[in-house]
Amino acid sequence: MNRKCKSIQALITNRCFLRFSEKQFLVDASHVSEQWKYYSRSPFQLRKIRNPKISSSLNLSSHSHSYSSNSNSTKIGFLGWYLDKLHLHPLITKGVTTSLIYVAADLTSQMIASEYSGSIDLKRTLRMAAYGMLILGPTQHFWFNSMSKFLPKRDTLTSLKKLFMGQAIFGPCITSIFFSYNAALQGENGAQIVARLKRDLLPTLVNGLLYWPICDFVTYKNIPVHLQPLVNSSCSYVWTIYLTYMASLTKVSTD
């Protein structure tokens, strides 16, 4: 009798537990369903609650994307315009750039010259502008492109080879052209031009050895070929102040 009572009591307990579990399951299921309906409308909210690290990384990525877009927009200014012109019209762009640098260098040279009288020699400045536009700019373009084709590497040894060729070939040739061009436009004849070259060319090249090897090595080693004329012309600013001064010296008497 006692065994039957205990079995009946256990059966009743099990049934009550099953009913309670069934009700709890239904409540939990309905609660989950409501939550899913709410979060399905805003999935980013669900991600944010489930994994806050993901949401923070999303926020960081969005901020970095906006920052990169802003930084890219700042690059699209004068530099972007210049690089675009350099790609589309390399000869004209390099010529104009070199011309402007030579104009600035000549004006600086005139202002700091000891015999500066308070007036600007515009003819001399125009000579420098024409030289940069028509002679030096295109010459630099072909020279640096040729160097990159014959010696395409940019390691230390190759850069030293380019440096040596620049000092042995390009430097003497372009300096001779510079002195001859300015002397001819100042009305000097052939004999006077030759005498000027004998007087001024060698000292100028010797002084250039104190300046240009460092500039050339940095240019050949670290600068892409399409920007090498720009860097070379920028280095020429200081050098051209000296060159324009030498070119403005009085003519050599051949009598």
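In which helix of the protein is confidence lowest, and in which is it highest? In this predicted model, the lowest mean pLDDT, 43, belongs to helix 2 (residues 43–50), and the highest, 94, to helix 7 (residues 156–185); pLDDT is the predictor's confidence in each residue, from 0 to 100, and helices are DSSP runs (H or I, at least four residues) numbered from the N terminus. Residues are numbered from 1 along each chain as its sequence is written, and side-chain values use heavy atoms, without hydrogens and water. Local features require pLDDT of at least 70 and side-chain atom pairs count only at pLDDT 80 or more, whereas totals for chains, interfaces and linings use all residues.

**Confidence**
- The protein has a mean pLDDT of 77, with 65% of its residues at 70 or more.
- Residues 35–71 have pLDDT below 50, and this stretch makes 8 contacts in the model beyond near neighbours in sequence; a contact means heavy atoms within 4.5 Å.

**Nonpolar core**
- The largest nonpolar core (buried Ala, Val, Leu, Ile, Met, Phe, Trp, Tyr and Cys residues joined through side-chain atoms within 4.5 Å) has 21 residues, of which Y102, Y131, L136, W143, F178, F179 and L243 touch the most other members.
- At least two residues of this core come from each of helix 6 (122–150), helix 7, helix 9 (212–222) and helix 10 (228–247), and helix 6 gives the largest share, 6 residues.
- Outside its neighbours within four places in sequence, F179 contacts R196, L197, D200, L201, T204, L243, M246 and A247.

**Buried polar residues**
- T98, in helix 5 (residues 90–112), has 1% relative accessibility and counts as buried, that is, under 20% relative accessible area (exposed is over 50%, partly exposed in between; 1.4 Å probe, protein chains only).
- Beyond four places in sequence, T98 contacts G132, L136, G137, Q140 and S233.
- S159, in helix 7, is buried at a relative accessible area of 0%, and its contacts beyond four places in sequence are R154, F217, Y220 and K221.

**Salt bridges**
- There are 4 salt bridges, each defined as a side-chain nitrogen of Lys or Arg within 4 Å of a carboxyl oxygen of Asp or Glu.
- D106 and R124, both buried, pair with their closest N and O atoms 2.6 Å apart; D106 lies in helix 5 and R124 in helix 6, so the pair ties together parts 18 residues apart in sequence.
- E188, R196, R199 and D200 are linked in a salt-bridge network.
- Within this network, the closest N and O atoms are 2.7 Å apart for R196 and E188 and 3.6 Å apart for D200 and R196.
- D200 and R196 are separated by about one helical turn, because they lie 4 residues apart in helix 8 (residues 190–208).
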